[in-house]
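Got the viewer open and a hand on the mouse? Let's take a walk through this one, selecting a few residues at a time.

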Amino acid sequence: MNIVFLAAGKSSRIYKELGKPKCLLKINNHSIIKNLIKNLSGLKIKRINVVVGFKSEQIKKELKEFKKINFIYNRYYNSREMLYSLISALEKIDDDIIFSYTDIIYNKSIIQKLLTKKKDIHLPILKNWKDVWKKRNKEIKLDAEDLKIDKNSNLKSIGEKIHDLSKVQYQFMGILMINRENRKKILNLYEVIKKNKKLHLTGFLNFIIKKKIKIKCTKYDGKWYEFDDIEDYSNYKKKP
């Protein structure tokens, strides 16, 4: 199993205020991305990969202590969404792959669960998400997105606006596992829609399930937090 950290984005809002990409924000004396990598200690990960683009040299410098990281450069980071970073890595790595955003923190237990999955595509989904949104002090209907699963925990839809809050049980966590068996299928589906340069990952996941490829959802209720803007960062550092 390979793991790919997606760190090519411009981090526009936070960069303007703090002068660094989101993945370099300090949490407990280490950057978010360094915390994510240290979190893998003891897990059977074949290789750690990081997709870089915006301020790539800053990120490489931050991670210089990790000698065996493979860096993948996304030259279109300025004009395409994170989905393109994911596809860039998928093209280069012929293996089962766990993808992770780098503006989030979480327990290693979810990665441990994904390491046991060899069949299907797997999407961790957050059960205790309302507690997180409360700490983030976000307006749920404006900031969160709908996510629906069927009785067998297969993804039905993701990324829609929330209309009925009482029916929303889970949220996307910014983590995805694509197994080797489905790798070429996903790349071929991307070829169909690649002209849409602004398509987000969640939109692509909806496209995948419409093409009858199953995405199995893994429920998680442990530690998780997202740093979307400076307010998220400030709220996280406040005492409970």
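What follows is a set of stops, each with something to select and a note on what is there. Bear in mind as you click around that this is a predicted model.

**Stop 1: a pair of strands**

Start by selecting residues 47-52, strand β4, together with residues 70-73, strand β5. The two run parallel and are joined by four bridges. Pick out Val-50 and look across to β5, where its bridge partner is Phe-71. Now add residues 56-62, helix α3, which the chain passes through on its way from β4 to β5. This β-α-β crossover is right-handed.

**Stop 2: a lysine under cover**

Next, select residues 32-38, which make up helix α2, and find Lys-34 in it. Is this lysine buried or exposed? Lys-34 counts as buried because its relative accessible area is 11%, and the cut-off for that label is under 20%. Show the side chain of Glu-65 as well: a polar contact of 2.9 Å joins it to the side chain of Lys-34. Setting aside residues up to four places away in sequence, Lys-34 touches Glu-62, Leu-63, Glu-65 and Phe-66.

**Stop 3: helix α4 and the core**

Move on to α4, residues 82-92. This helix is mostly covered, with eight of its eleven residues buried. They are Leu-83, Tyr-84, Ser-85, Leu-86, Ile-87, Ser-88, Ala-89 and Leu-90.

Keep Leu-83 and Ile-87 on screen and add Phe-204, which is in contact with both. Beyond its neighbours within four places in sequence, Phe-204 also contacts Ile-186, Leu-189, Tyr-190, Ile-193 and Leu-199. Which residues touch the most other members of the largest nonpolar core? Phe-204 is one of them, along with Tyr-106, Ile-111 and Leu-123, in a core of 88 residues.

**Stop 4: Leu-155**

From Leu-123, step across to Leu-155, which is in contact with it. Leu-155 sits in strand β10, residues 155-158. It is buried, with a relative accessible area of 6%. Colour its other contacts to see the surroundings: Leu-147, Lys-148, Ile-149, Leu-205, Ile-209, Ile-215 and Cys-217, leaving aside neighbours within four places in sequence. For a sense of scale, draw a distance from the C-alpha of Leu-155 to that of Phe-54; it comes to 32 Å, for two residues 101 apart along the chain.

**Stop 5: salt bridges**

How many salt bridges does a search of the whole structure find? The count is 17. Here are a few to click on.

- Lys-148, one of the contacts of Leu-155, meets Asp-146 in a salt bridge of 2.5 Å, N to O. Asp-146 is buried at 8% relative accessibility, whereas Lys-148 is partly exposed at 36%.
- Asp-96 and Lys-118 meet at 3.5 Å, N to O. This pair links distant parts of the chain, 22 residues apart: Asp-96 is in the loop between α4 and β6 (97-101), and Lys-118 is in the loop between α5 (109-115) and β8 (121-126). Asp-96 is buried at 10%, while Lys-118 is partly exposed at 46%.
- Glu-191 and Lys-194 meet at 3.0 Å, N to O. Glu-191 is partly exposed at 42%, and Lys-194 is partly exposed at 37%.

Then select Arg-136, Lys-138, Asp-143, Glu-226, Asp-229 and Asp-232 together: salt bridges that share partners join them into one network.

**Stop 6: helix α10**

Two members of that network, Asp-229 and Asp-232, lead to the next selection. Pick residues 230-237, helix α10, where Ile-230, Asp-232, Tyr-233, Asn-235 and Tyr-236 are buried. What covers them includes α1 (12-18), β2 (26-27), β7 (104-106), α6 (129-136) and β14 (224-226). Zoom in at the start of the helix, where a side-chain oxygen of Asp-229 reaches to within 3.2 Å of the backbone nitrogen of Glu-231.

**Stop 7: two asparagines with positive phi**

Finish with Asn-28, in the loop between β2 and β3 (30-31). Its phi is positive, about 55°, although it is not a glycine. Asn-28 is exposed at 60% relative accessibility. Asn-137, in the loop between α6 and α7 (140-143), has a positive phi near 60°. Asn-137 is exposed too, at 64%.

Conventions: Residues are numbered from 1 along each chain as its sequence is written. This is a predicted model: local features need pLDDT of at least 70, side-chain atom pairs count only at pLDDT 80 or more; totals for chains, interfaces and linings use all residues. Side-chain values use heavy atoms; hydrogens and water are left out. Two strands pair if DSSP finds at least two bridges between them. A crossover is right-handed if, with the strands pointing away from the viewer, the path from the first strand over the helix to the second runs clockwise. Buried means under 20% relative accessible area, exposed over 50%, partly exposed in between (1.4 Å probe, protein chains only). Contact means heavy atoms within 4.5 Å. A polar contact is a pair of N or O atoms within 3.5 Å; within protein, one must be able to donate a hydrogen and the other to accept it, and residues adjacent in sequence count only if both atoms are side-chain atoms. A nonpolar core is a set of buried Ala, Val, Leu, Ile, Met, Phe, Trp, Tyr and Cys residues joined through side-chain atoms within 4.5 Å. A salt bridge is a side-chain nitrogen of Lys or Arg within 4 Å of a carboxyl oxygen of Asp or Glu.
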